[in-house]
Amino acid sequence: MPPLRRNRQVAPPGGAAHGLDNPAAPPALPESTTDHGGNTIMTSPHDDDRFDWQAAEADVTAGPDAEVVDLDAKRARRAAESGTHFEVNLDETPQRGGMPVEPPPVDASGKRPIVPANWSTWPNIRHSLGQAAALTGYRASFHAVRAPQYVTLATFWAGVGTFRLIGRQLKWWWVSEQYGLRQAAADANDPAMWLKLHREVKATRMWRGIVLAAEAVAVCVGGPVLYAVAPVWALVLTACLLVAFLAHIGRPEDRRIITPATVSGRFRRVNPDIILRAYYAAGLGHPDKAHQQIGFGSTMARDASGTGSQVSIDLPYGKTFDDAVKARGAIASGLDVAVSQVFITRDPSSHRRHTLWVADRDPLAQGAGRTPLLRCKPTDIWQPAPFGLDERGNKVSVDLMWNSILIGAQPRQGKTFAARALALYAALDPYVKLTVLDGGGKPDWRKFALVADRYAFGLAMTRDGDPAEIALEALREIKADVQDRYERLSKLPVDVCPEGKLTREIARDPKYRMPVRLVVLDEFQEYFDLGDVSKEIASLLVYLVKVAPAAGVGFVDATQRPSGVGGGQVATQFISFRDNHQVRFSLRTGSWNVSDLVLGAGANSEGYDSSTLLPSYKGVGILRGASDATPTVRTYLADADDAEKILIAARKLREAAGTLSGMAAGEDAAREIRDVLADVRSVIERGETGAQWEEIAARLADRLPEAYADVTAESISAQVRSFGVRSVDVKRSGKALKGAKADDIDAAITRRKAA
């Protein structure tokens with residue numbers, strides 16, 4: 001089987017790799033060869049004999065009298081006889097080969113395409129030629145800049161090579177290697193042999209001297225003649241070839257004249273024995289027990305990208321894919337690679353089968369690059385948003401429609417950038433209504449004022465008003481809109497709304513007034529820690545995250561405190577809000593417990609733990625719930641300048657489509673200011689000295705539903721008490737509960753007028 005390969009440190013020139021000269025170092029890893037039938041066979045790098053399968057089959061069929069060979073004893077004898085020492089075998093250059101785990105696509109007749117896919121169509125041909133041209137151009141530029149250095153080094157080493165060549169020829173002429181034989185004959189007091197050797201060396205020197213003399217005459221005569229008659233280009237070509245030849249002789253083995261423009265890594269071979277050792281060490285089977293052996297569902301092969309190797313693994317009966325995922329760290333240890341280089345993918349054909357992919361290098365250390373949104377082209381919220389690349393370089397997208405997305409991480413791990421990337425995608429769809437609420441007040445979201453229907457940054461008072469009040473009013477308006485949508489969708493005819501759900505046509509038709517909405521909450525834990533006002537905000541958020549996505553109102557929510565804030569009812573609502581997100585993205589967290597809070601209960605038991613991500617991984621996290629797979633994603637980068645460029649383009653798109661609205665359009669976003677004291681006083685009946693908070697809330701909701709439909713006893717109590725009204729016991733039907741006295745409310749109104 002073609003081998004798997006992995007990273008390996010290579011000893012510097014003049015030194016030895018650690019463990020290479022140690023007799024106790026691990027045994028050399030097998031190489032591979034191919035038999036006449038095209039089958040791949042594993043062999044030892046120190047075996048000159050290839051395994052003869054035909055002979056082996058003949059032995060098997062020869063019957064009970066066939067000789068049984070003790071392979072271990074034979075290998076031990078061969079090692080002792082040859083003095084073999086065990087060392088790690090390195091590839092000069094990693095070679096692709098073997099059968100891919102997923103065979104190339106075939107047609108109905110089972111035939112593979114004659115022309116490879118990258119040369120099958122004009123777009124693919126142009127892409128392939130473009131890649132080759134780009135690489136060739138890069139190499140040409142690289143070497144052109146260093147050409148003077150190459151000429152200088154070549155000239156110097158050509159001078160050294162001239163003297164080395166002369167020395168080698170003189171040594172060849174003198175037959176110095178025979179000196180040892182003549183000395184041995186003299187030591188043995190064998191004059192006849194000495195004389196014989198002496199005569200032979202004299203004859204050899206005579207013949208070789210004639211050859212060298214002819215060579216000298218050819219150089220001394222032919223050189224000037226060539227210089228006189230040959231054209232300039234021939235002289236230049238001859239000089240270049242001569243200098244290159246002499247420089248090759250003169251330079252040391254570890255001193256390259258031409259620096260390679262691209263470097264291919266060197267990888268140590270990882271063979272089936274290493275794979276089996278890793279799985280058995282991880283407790284996923286036992287080599288000596290029946291029905292407990294690990295099997296291979298495919299041959300080992302380099303993957304299509306050439307960045308790693310893969311093989312299909314069959315676990316023993318009773319072992320599952322989940323067991324392999326949990327043992328990923330132990331498997332990495334058995335393979336002697338980092339955990340970040342080992343990836344296990346589910347095989348749909350069997351729950352005990354999976355694909356093991358071992359990367360040559362850490363794939364998560366490479367960034368995904370700039371966001372494709374920098375093209376500033378219109379997007380469509382009904383299509384998945386580009387989010388990043390997985391560990392194997394595959395593109396990862398996230399559906400914003402019908403979903404609520406939770407993003408959690410430690411500070412400075414890329415949480416806000418990940419949330420902003422999704423918000424930027426929605427911003428480029430001019431038919432999406434954006435609400436951006438940033439509890440942290442960071443500058444990352446400020447430019448969304450160009451497009452957002454409602455926005456609030458931080459918690460400090462601004463010219464736009466109190467951010468907490470703006471957030472509360474925005475959530476109230478969204479709740480009312482969601483409730484209204486459900487009612488209106490249910491009344492639409494079947495030919496317009498076939499399933500009673502929002503469609504792309506309805507969302508983009510202004511007459512229905514039901515555009516897709518996206519609510520972005522960054523550092524949303526701050527809105528749960530504002531005192532009494534948090535009670536209503538928390539209640540609204542819990543309701544919306546449960547109900548709104550099905551009405552075309554999506555959520556993208558980010559926090560660095562997934563464990564929650566505060567206590568009592570608000571803390572309970574925080575947990576409910578956090579746990580009702582369908583899609584979860586966790587960048588690096590402090591522990592597996594916090595990782596489970598972000599990714600959802602049971603993620604750690606399935607082998608997904610964001611606390612194992614390295615601190616150097618910025619913008620890298622585990623995405624769960626977006627698809628059947630749970631990839632580790634490197635998110636696309638959109639920095640502040642990129643975001644501003646995209647948002648300026650998004651505003652122009654909205655202006656052209658006539659969909660710029662709310663605060664971004666300069667509309668007065670201030671809500672109708674209600675006189676809470678006057679409203680509460682109006683619901684206390686004549687003859688009543690006061691009313692309980694529950695009575696006040698119920699009467700306000702009944703008489704003034706447009707302003708107090710969602711009011712609760714706690715929220716109205718907080719608002720009235722903020723004016724200095726006491727909360728006292730008010731007796732009703734023999735039961736005393738907290739409420740407000742009419743005299744206290746009248747006094748508060750008088751104080752306000754006097755002020």
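Trainee: What makes E644 and K447 a salt bridge?

Mentor: In this predicted model, the closest N and O atoms of E644 and K447 are 3.7 Å apart. A salt bridge needs a side-chain nitrogen of Lys or Arg within 4 Å of a carboxyl oxygen of Asp or Glu, so the pair qualifies. The model is predicted, so local features need pLDDT of at least 70 and side-chain atom pairs count only at pLDDT 80 or more, while totals for chains, interfaces and linings use all residues. Residues are numbered from 1 along each chain as its sequence is written, and side-chain values use heavy atoms, with hydrogens and water left out.

Trainee: Which parts does the pair of E644 and K447 tie together?

Mentor: E644 belongs to helix 17 (residues 640–657), whereas K447 is in the loop between strand 13 (432–438) and strand 14 (454–457), so parts 197 residues apart in sequence are tied together. Helices (H or I, at least four residues) and strands (E, at least two) are DSSP runs, numbered from the N terminus.

Trainee: Why is K447 called partly exposed?

Mentor: Its relative accessibility is 40%. Buried means under 20% relative accessible area, exposed over 50%, and partly exposed in between (1.4 Å probe, protein chains only), so K447 counts as partly exposed. E644, with 30%, is partly exposed as well.

Trainee: How do you know that R488 and D484 meet in a salt bridge?

Mentor: Their N to O distance is 2.7 Å. That value satisfies the salt-bridge cut-off, so the name applies. R488 and D484 are 4 residues apart in helix 12 (residues 467–491), which separates them by about one helical turn. R488 is buried at 19%, while D484 is partly exposed at 29%.

Trainee: What joins D380, D429, R504 and R508 into one network?

Mentor: Salt bridges that share partners do. The structure holds 30 salt bridges.

Trainee: Why is the aromatic pair of F343 and W357 called tilted?

Mentor: The ring centres are 5.6 Å apart and the planes meet at 35 degrees. Rings of Phe, Tyr and Trp (its six-membered ring) pair if their centres lie within 6.5 Å; planes under 30 degrees apart count as stacked, over 60 as edge-to-face and the rest as tilted, so this pair is tilted. F343 lies in strand 8 (residues 342–346) and W357 in strand 9 (residues 353–359). F343 is buried at 5%, and W357 is buried at 1%.

Trainee: What makes the pair of W445 and F448 tilted?

Mentor: Their centres are 5.2 Å apart and their planes stand at 45 degrees, so the pair is tilted. W445 and F448 are both buried.

Trainee: How do you know that R352 lies over the face of Y317?

Mentor: R352 is 4.0 Å from the ring centre of Y317. A charge sits over a ring if NZ of Lys or CZ of Arg is within 6 Å of the ring centre and within 35 degrees of the ring normal, so the distance fits. The charged end of R420 sits over the ring of F417 too, 4.6 Å from its centre.

Trainee: Why are strand 20 and strand 21 called edge strands?

Mentor: Strand 20 (690–692) and strand 21 (728–732) each pair on one side only. They belong to an open sheet of 3 strands with the order 20-22-21 and antiparallel pairing. Two strands pair if DSSP finds at least two bridges between them; strand 20 and strand 22 (residues 735–741) have 3 bridges, so they pair.
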